[in-house]
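Please look over the sequence and the model shown here before reading on. The paragraphs that follow lead from single loop residues to the strands and then to the ligand.

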Amino acid sequence: MYYYIKNIMTKNINNDEKFNNENLKKTITKKKSFFSFTNFFKKTKNLILHKIKNIFFKKKIDSSIYHNLKEILLLADVGIITTNYLIQNFKITIQKKNITDVAEAYNIFKKKLYTFLKFETQNFIQNVNDFKKIHVFLFVGVNGVGKTSTLVKLAYFYQKKGKKVLLVAGDTFRAAAIEQLKDWGKFYNFPVFSKNLGTDPSSVIFDSLKFALIKKFDMVFIDTAGRLHNKINLMHELKKIDRVVKKYKKYIIQETILVLDACIGQNSIQQTRFFNKTLTLSNIIMTKLDGTAKGGILIAIIYELKIPIYYICVGEKIHNLVEFNSKKFIDSLF
Ligand SMILES: Nc1nc2c(ncn2[C@@H]2O[C@H](COP(=O)(O)OP(=O)(O)O)[C@@H](O)[C@H]2O)c(=O)[nH]1
Ligand SMILES: [Mg+2]
């Protein structure tokens, strides 16, 4: 059994290496195409796979397996609530079915994760195909998480699909924020709706939506200023922005997207709760998964908060935006 699992694991690693090389070749030759969902969780995977290997290298299942699994999940930032529930559930199944075979246990564990994460993306793309209404994406989140760059990536993605997109400079606090969006607009050929620095963001957004309706845009991507979730006045401003967007509800489909930085790990749960209290979040985009081994936080967010992960960002390049899929996510980790 030891050699059987070892073989499987080695085979996986070799395949992954081969895959990465092939993927790299594709990236170099087809620079402008989007990545498919692949092995983007290298750091998280390295952490999890290596340790899981040791756990399931045992000949027989004993109680240490639960303890060790728990340790790994916590290290990968799955969080105590989700981890405890997951381990408990796994343990009950193993004991009920009297499983002694480690390979079987491994599969059961993986299947448990699939089931846990079944709650996934609402069918977003279906919405996007509703041509009668304008799709409005309101991007919110704290400073520096990647709101503006992600918004540009997503707008680029849909522009390539033939949609007529408009960017809105709703971050009127910083001159650099308006300029940043205008620069992106010039670079990728997006129209950018903006007003002067210091203008009330709600008024910019109200006028931009009127403009989008008149000019028959398909999609509007609204950038907002970064704000700490515990700053009450800033959260009130966000509420006002949301009310303004909702004035157009007859003509638009609104998606309120919270952008989270994967590097902050468990803090993102708290952050999400605060934002979700102020607004009703439709989706989450998690950025910077290329730079962290805390990818397990995605499991906690989906399980604890039941808010779907829409896309993940895995780098600074325009095509480093990948549609999230929980099954592929689990498969890429184990
Ligand atoms: N490595 C990495 N950097 C990212 C990712 N997403 C955004 N960034 C970088 O994070 C920084 C802040 O991004 P920005 O969009 O300006 O954040 P905002 O303040 O929320 O609008 C920029 O340097 C981005 O290039 C990502 O997925 N991976
Ligand atoms: Mg910004």
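**Loops, sheet and ligand**

At 64% relative accessibility, Asn189 counts as exposed, where exposed means over 50% relative accessible area, buried means under 20%, and partly exposed is the range in between, all with a 1.4 Å probe and with protein chains only as cover. This is a predicted model, in which local features need pLDDT of at least 70 and side-chain atom pairs count only at pLDDT 80 or more, while totals for chains, interfaces and linings use all residues. Residues are numbered from 1 along each chain as its sequence is written, chains are lettered from A and ligands numbered from 1 in the order in which they are written, and side-chain values use heavy atoms, with hydrogens and water left out.

Asn189 sits in the loop between H8 and S3, where helices (H or I, at least four residues) and strands (E, at least two) are DSSP runs numbered from the N terminus. Although Asn189 is not a glycine, its phi is positive, at about 65°. Most residues other than glycine have a negative phi. Lys288, in the loop between S6 and H12, is also not a glycine and has a positive phi of about 60°. With a relative accessibility of 32%, Lys288 counts as partly exposed.

From these loops one can turn to the sheet. How many strands does the open sheet have, and in what order do they come? There are eight strands in the order S3-S2-S4-S1-S5-S6-S7-S8, and the pairing is mixed; two strands are taken to pair if DSSP finds at least two bridges between them. S3 and strand S8 (321-323) stand at the edges with a single partner strand each, so one side of each is left without a neighbour in the sheet.

Following that order from S3, one comes to strand S2 (residues 165-170), which is largely enclosed by the rest of the structure because six of its six residues are buried. The cover extends to both faces of S2, with Val165, Leu167 and Ala169 buried on one side and Leu166, Val168 and Gly170 buried on the other. S2 pairs with strand S3 (residues 192-193) in the parallel sense over two bridges, and in this pairing Val168 stands opposite Phe193 of S3. The two strands also belong to a right-handed β-α-β unit that is made by S2, helix H8 (residues 175-188) and S3; a crossover is called right-handed if, with the strands pointing away from the viewer, the path from the first strand over the helix to the second runs clockwise. S2 is also joined to strand S4 (residues 219-224), with which it runs parallel, by six bridges, and Leu167 has Phe221 in S4 as its bridge partner.

Further along the order, strand S1 (residues 134-140) runs parallel to S5 and is joined to it by seven bridges, with Gln254 in S5 as the bridge partner of Val136. Strand S5 (residues 252-261) is in turn joined by five bridges to S6, again in parallel, and here Leu258 has Ile284 in S6 as its bridge partner. S5, helix H11 (residues 267-278) and S6 make up a right-handed β-α-β unit.

Is strand S6 (residues 283-287) mostly covered or mostly open? S6 is mostly covered, since five of its five residues are buried. Asn283, Ile285 and Thr287 are buried on one side of S6, and Ile284 and Met286 are buried on the other. Three bridges join S6 to the parallel strand S7 (residues 309-313), in which Ile312 is the bridge partner of Met286. From S6 the chain crosses through helix H12 (residues 297-305) to S7, in a β-α-β crossover that is right-handed.

The last part of the model to consider is ligand 1. It is surrounded by 17 residues, among which Gly144, Lys147, Ser149, Asp290 and Glu316 come nearest; a residue is near a molecule if one of its heavy atoms lies within 4 Å of it. Helix H7 (residues 147-160) contributes four residues, the largest share of the shell around ligand 1. Oxygen atoms of ligand 1 lie 2.8 Å from a polar side-chain atom of Thr148, 2.7 Å from one of Ser149, and 2.6 Å from an N or O atom in the side chain of Glu316, a polar contact being a pair of N or O atoms within 3.5 Å. The protein covers 77% of the 590 Å² of accessible area that ligand 1 has on its own, with areas from the Shrake-Rupley method and a 1.4 Å probe.

Definitions and conventions:
Polar contact = N/O pair within 3.5 Å; in protein donor to acceptor, adjacent residues only side chain to side chain.
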